[in-house]
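Hi there,

I am passing a structure on to you, and my notes follow right below it. Please have a look at it first and then read on.

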Amino acid sequence: MEPRPASAGYAETTHIVLPNETNTMGNLFGGQLLKWLDISCAISAHRHSRRLAVTVAVNHVGFDQPIRLGDFVTIKSHVSRTFSTSMEIWADVWVEDQHTGASKLATSAIYTFVAVDDQGKPVAVPEVVPVTEEEVRRYAGALRRRQLRLILSGRMQPKDATELKALFT
Ligand SMILES: CC(C)(COP(=O)(O)OP(=O)(O)OC[C@H]1O[C@@H](n2cnc3c(N)ncnc32)[C@H](O)[C@@H]1OP(=O)(O)O)[C@@H](O)C(=O)NCCC(=O)NCCS
């Protein structure tokens, strides 16, 4: 299977935060952000693999700062690295103040998707070729993050996580 550039899986979606998506303080619900992230990551996974892809894990999401009613939220996602059938997807959340136009990176998230066939069985995906500095950095760290998520999900013994252990030696 031909490797594909990280740009093949780029996706960008923009939303406006509406009243029914906020809590009583006027801040975006965490669950709403998770849903938007899931959709953007799914588009990235589909674009990269050109297969059906399902969410297998939400690995990291930080709610570092409140996102306010009326803000424009843009999610930019891409496949940072693939393994056999799984894909790590990285999503950056940009928040724009609709009055001032000021835009800032509010948080980043990491999801894992698996490509599947029509019966829902995992299928192989193309490798990612990172090009930009950021893509290279994210690609390089993905193996350690994979080992961590496989340990947390009971799929790997900590003693076998060689790349992860190397961080502490
Ligand atoms: C995704 C799914 C098909 C994987 O099936 P499975 O029997 O676990 O398949 P495998 O053991 O072959 O694992 C497939 C890949 O998933 C990865 N994986 C499985 N569980 C994982 C977890 N909890 N965290 C991270 N990766 C996981 C494996 O490491 C493997 O990756 P690799 O091929 O790159 O090495 C199955 O778990 C499933 O259907 N889950 C439900 C998906 C869903 O409904 N999502 C929400 C709606 S989109």
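**Around the ligand**

Let me start with the ligand, keeping in mind that this is a predicted model. The ligand has 17 residues around it, and those that come nearest are Phe83, Ser84, Thr85, Ser86 and Ser153.

Which elements each supply at least two residues of the shell around the ligand? They are strand 3 (52-61), strand 6 (103-116) and helix 2 (133-152). Strand 3 gives the most, with four residues in the shell.

As for the kinds of residue in that shell, eight are nonpolar, seven are polar and two are charged.

**The chain as a whole**

Stepping back from the ligand, you will find three helices and seven strands in the chain. Read from the N terminus on, the elements follow the order β-β-α-β-β-β-β-β-α-α. The chain has a radius of gyration of 17 Å, close to the 15 Å that the globule rule gives for 169 residues, so it is as compact as a globular protein of that length. Taken along the principal axes, the box filled by the C-alpha atoms is roughly 50 × 40 × 35 Å.

Two more values round off the picture. Buried residues make up 31% of the 169 in the chain. Among contacts with a separation of 6 or more, 70% come from residues 24 or more positions apart.

If you would like a place to begin, try finding strand 3 and following its part in the shell around the ligand.

Best wishes

Notes
Residues are numbered from 1 along each chain as its sequence is written. This is a predicted model: local features need pLDDT of at least 70, side-chain atom pairs count only at pLDDT 80 or more; totals for chains, interfaces and linings use all residues. A residue is near a molecule or strand if its C-beta atom, placed from the backbone, lies within 6 Å of it. Ala, Val, Leu, Ile, Met, Phe, Trp, Tyr, Cys and Pro count as nonpolar, Asp, Glu, Lys and Arg as charged, and the others, Gly among them, as polar. The radius of gyration is taken over C-alpha atoms; the globule rule is 2.2 Å times the number of residues to the power 0.38. A residue is buried if 20 or more other C-beta atoms lie within 10 Å of its own, exposed if 12 or fewer, and partly exposed in between; C-beta atoms are placed from the backbone. Two residues are in contact if their C-beta atoms, placed from the backbone, lie within 7 Å.
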